[in-house]
Amino acid sequence: MARILTMRKALSEAFHQVMAEDPTVIMMGEDIAGGMGAPGELDAWGGDLGITKGLIGKFGAHRVLDTPISETAYLGAAVGAATAGLRPIAELMFVDFMGVCFDPLLNQAAKFRYMFGGKTKTPLVIRTQFGAGFRAGAQHSQSLYPLFAHIPGLKCVIPATAYDAKGLMIAAVRDDDPVIFFEHKVMYDEVSDDVPERSYTVPLGEANIVVEGDDVTIVAIGRMVHFAIKAAKQLAKEGISCEIIDPRTISPLDEETILESVERTGRLVIVDEAYPRCGMAADISSIVAEKGFHALRAPIRKVTPPHTPIPFAPELEDLYLPSPEKIVAAVRETVGAAQR
Amino acid sequence: MQLNRDDLMKAYRLMRVIRVFEERVRDEFEAGRIPGFVHLYAGQEASAVGVCMHLDDEDYIGSTHRGHGHCIAKGCDATAMMLELFARKDGLCHGKGGSMHIADFDKGMMGANSIVGAAVPLAVGAALAAKTLGKRTVAVPFCGDGGSNQGGVLESLNLASVWKLPVVFVFENNGYAETTAAGWAVSCGDIVNRAPAFGMPGIQVDGFDFFAVHEAAGKAIDRARNGGGPTLIEVKVGRFFGHHEGDSQTYRAKDEVAELRRDHDCLKIFRKKVEGAALLEGEQLNEIDRQAVALVDRAVEVARASDPPEPAALFQNVYVSY
């Protein structure tokens, strides 16, 4: 019997389970409960989109900590606490805000194990929302995960299903390295699938072959996985069989699964919501060009937004984002069927 | 905390070891045997030792780019430190940290830090861990006058106060952020003036006087340990050397360093006080001086003769698992 949950519910279940099983797990962030010190009700918001609602009531204000709007201080404190016996889950409301507080991750958490000669570990999860589609404009819509994947010492997780969101979150909290966990704000309610009630993990560094196929490999990240599925259904009607790979974690990146697929299909389309320059599409493209060139029967195609900030006007934002139609067009080009 | 004879001997020994260590590091650096950069703590010894005398291995400190003194005061092994500065495989961080990134978590030393002010939020986190885990440990971030102007440091003062954490913020004001005078860059004049704005007590002490630092730190650390929340201490000090070794120091007054060494040497002041009060004898202190020199001689000898890391170390310890 399927147990269909939204990504929102799946994540909430993961938080309840990891906090119940390990008393060293704490959570902090801005308004993750809400109403702190205010005359009205506590847990007023449960996070700006309600993902953490109910946790403070269950686990108390000493484990679910609302913070002042001071991202550098509390992300830094989360990093320090991770070296001192806790497993903090710190929420950075939107990844765009990383502009004010990068140092605790860039120069501290990412470097400790290496520069201190292996003498400490920093078991930390930073949760953050990313992605366009909410008409939120240039400062609340970015997909900045390539910035983090660029940095040795950090791990980067981007779930595309509710099942993966729960399993990857539990794995991230139990992991002994700093993990940045990217949650697409549109997907909380847009995505739902079968989620077991028990606590389980999805290992970091293992891609998911979402759909098997023979003619072209589509690597898609986050919400783009669902766009790729729509595109593949259309293409199937045209007799083009797509294999869709969701890396699930971009650091570590499961290069092997991507290369094995391209070895069979000979064609690669990468769909990514991040900016095209120095992004994941460019990175995966370079890996395949370097290690799988012999298998390629057509040039690699990237489906990404243009290299522009994210516009506010709905008409422009829709134009900005990749779409199933754009993926269909790119796949047709790689199989030499653009005129079909 | 009352200081008995053993405490006084310990305090003097730690301060002297720091002084000798730093002077030898300068010599070794100038001779080209230490790679990178070094920022020397000489002149500020009474601050690190006056504070850390109150701390155990379970208590945490965060440090700065000028971190050797904090390491020694917190109990890090001087030989392992010297090996690290020499980039040797048996160094405290196996030669992968160096002077500005030296840490020893077994001693509660969370690391020197080459990002100005960055250790302050980290130490706030260590204090949060202590409070959450029900421990009576405290965290002491050391920070300079330059770091006192960093946004993350100001946020950390507020956060520690809001969460009422066991933190003692120690601002070592040596008068200069690199070349820039604190009198110009700290808008409120004295850093201690910022304490009331963050809802915590502030104390300013003479950092050349070990006893003044020790007393102020003792009260603040007791308060933090007993759940009273954070305190800000501004320690007024002066550095005997430049920002980094090799700094021409043309921004300083002509006789400034000579005056510091003559009138404000914390070791001389300490000796005068304890000998004057007949707490320790001059010969006991001279013996400590000789031991400190022997310790540092030995550390340098071992460091010079040791091996660099193996090439494989380049790839090790990026992650716990990947």
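# Exercises on chain B and its contact with chain A

Chain B holds 11 helices and 7 strands, where helices (H or I, at least four residues) and strands (E, at least two) are DSSP runs numbered from the N terminus. The model is predicted, so that local features need pLDDT of at least 70 and side-chain atom pairs count only at pLDDT 80 or more, while totals for chains, interfaces and linings use all residues. Residues are numbered from 1 along each chain as its sequence is written, and chains are lettered from A and ligands numbered from 1 in the order in which they are written.

**Exercise 1.** Work out how the radius of gyration of chain B relates to that of a compact globule.

*Solution.* Begin with the rule, which is 2.2 Å times the number of residues to the power 0.38, the radius being taken over C-alpha atoms. For 322 residues this gives a value near 20 Å, and the 19 Å of chain B agrees with it. Next, take the extents: the C-alpha trace spans about 60 × 50 × 40 Å along the principal axes of chain B. Finally, 74% of the contacts in chain B with a separation of 6 or more join residues 24 or more positions apart, a contact being two C-beta atoms, placed from the backbone, within 7 Å.

**Exercise 2.** Describe how H3(A) packs on H5(B).

*Solution.* Start from the geometry: helix H3 (residues 71–82) of chain A and helix H5 (residues 119–132) of chain B have axes 6 Å apart, at an angle of about 60 degrees. Axes here are lines fitted to C-alpha atoms, for helices over the stretch in contact, and angles run from 0 to 180 degrees between N-to-C directions. H3(A) is therefore oblique to H5(B), given that angles under 35 degrees count as roughly parallel, over 145 as roughly antiparallel, 65 to 115 as roughly perpendicular and the rest as oblique. The crossing of this pair is right-handed; that is, the near helix is turned clockwise from the far one by less than a right angle, whereas an anticlockwise turn would be left-handed. By class, the contact of H3(A) with H5(B) has 12 nonpolar, 4 polar and no charged residues, where Ala, Val, Leu, Ile, Met, Phe, Trp, Tyr, Cys and Pro count as nonpolar, Asp, Glu, Lys and Arg as charged, and the others, Gly among them, as polar.

**Exercise 3.** Determine how H5(B) is placed against H6(B).

*Solution.* The axes of H5(B) and helix H6 (residues 151–162) of chain B lie 8 Å apart at an angle of about 20 degrees, and the two helices are therefore roughly parallel. Their crossing is left-handed. From H5(B), B:Val120, B:Pro121, B:Val124 and B:Ala127 meet residues of H6(B), including B:Val153 and B:Leu159.

**Exercise 4.** Identify which helix gives the most to the side of chain B that touches chain A.

*Solution.* The contact takes 36 residues from chain B and 36 residues from chain A. On the side of chain B, H5 and H6 each supply at least two residues, and H5(B) gives the most, with 9 residues.

**Exercise 5.** State whether B:Ala278 is buried or exposed.

*Solution.* B:Ala278 lies in the loop between helix H10 (266–276) and helix H11 (282–305) of chain B, and has a positive phi of about 55 degrees although it is not a glycine. With 7 other C-beta atoms within 10 Å, B:Ala278 is exposed, since 20 or more such atoms, placed from the backbone, make a residue buried, 12 or fewer exposed, and a count in between partly exposed.
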